[in-house]
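Me: Could you take a close look with me at one part of this structure, a charged side chain and what surrounds it? A connected account that moves outward from there would help me most.

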Amino acid sequence: MVKISDFQTKDVVSVADGRRLGNIGDIDINLATGKIESIVITGSGGVLGLFGREQEVVIPWRNIIKVGKDVILVRTHKEVE
């Protein structure tokens with residue numbers, strides 16, 4: 001079993017280019033099935049997140065390739081299309 005807080009400490013990395021996308025800020029759960037539908041990655045929009053809005057990237061659960069000890073490897077929407 002894995003806790004949500006364990007997910008939030010892992011870096012989310014794109015498998016296409018190895019770029020760090022950010023950290024998980026939220027998780028969308030289907031209450032009817034109890035399954036995770038997607039993860040929401042938050043990234044700072046400005047210097048230290050002080051200026052500008054934070055950008056959110058939603059990654060569907062089916063696009064998660066591997067959950068490792070330190071990172072979560074994902075396929076982004078651009079890579080799927």
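Reply: Let's start with K10: a polar atom of its side chain lies 2.9 Å from the backbone oxygen of K69, a polar contact (an N or O pair within 3.5 Å, one atom able to donate a hydrogen and the other to accept it, with residues adjacent in sequence counted only if both atoms are side-chain atoms). Please keep in mind that the model is predicted, so local features need pLDDT of at least 70 and side-chain atom pairs pLDDT 80 or more, while totals for chains, interfaces and linings use all residues. Residues are numbered from 1 along each chain as its sequence is written, and side-chain values use heavy atoms, without hydrogens or water.

K10 sits in the loop that runs between α1 (4–8) and β1; helices (H or I, at least four residues) and strands (E, at least two) are DSSP runs, numbered from the N terminus. K10 is buried and has no salt bridge, and D70, the nearest side chain of opposite charge, is 6.2 Å away. Here buried means under 20% relative accessible area, exposed over 50% and partly exposed in between (1.4 Å probe, protein chains only). A salt bridge needs a side-chain nitrogen of Lys or Arg within 4 Å of a carboxyl oxygen of Asp or Glu.

What else does K10 touch, leaving aside residues up to four places away in sequence? Its contacts (heavy atoms within 4.5 Å) are G22, N23, V67, G68, K69, D70, V71 and I72.

Two of those residues, V71 and I72, take us into strand β6, residues 71–74. I72 is on the covered face of β6 together with V74, whereas V71 shares the uncovered face with L73. Strand β6 has two partners to look at; strands pair if DSSP finds at least two bridges between them. With β1 (residues 11–14), β6 pairs in the parallel sense over four bridges, and with β5 (residues 64–67) it pairs in the antiparallel sense over three. L73 is the bridge partner of V13 and also of K66. Between β5 and β6, a hairpin makes the connection through three residues.

Now for the salt bridges elsewhere. The whole structure holds two. In one, R20 joins D11, with the closest N and O atoms 3.1 Å apart; R20 is partly exposed at 46% relative accessible area, and D11 is partly exposed too, at 27%. In the other, R19 joins D17 at 3.5 Å between the closest N and O atoms. R19 is partly exposed at 47%, while D17 counts as exposed because its relative accessible area is 53%.

Another side chain that reaches the backbone is that of N30, in strand β2 (residues 20–30). The side chain of N30 comes to 3.2 Å from the backbone nitrogen of T33. N30 also touches K35 and E37, not counting residues up to four places away in sequence, and N30 is partly exposed at 25%.

Finally, the whole chain. Two helices and six strands make up its secondary structure, in the order α-β-β-β-β-β-β-α from the N terminus. Of the 81 residues, 25% are buried. Among contacts between residues at least 6 apart in sequence, 28% join residues at least 24 apart. The accessible surface comes to about 5,900 Å², with 52% belonging to carbon and sulfur atoms, by the Shrake-Rupley method with a 1.4 Å probe.

Technical notes
Lys and Arg count as positive and Asp and Glu as negative; His and the chain ends are not counted.
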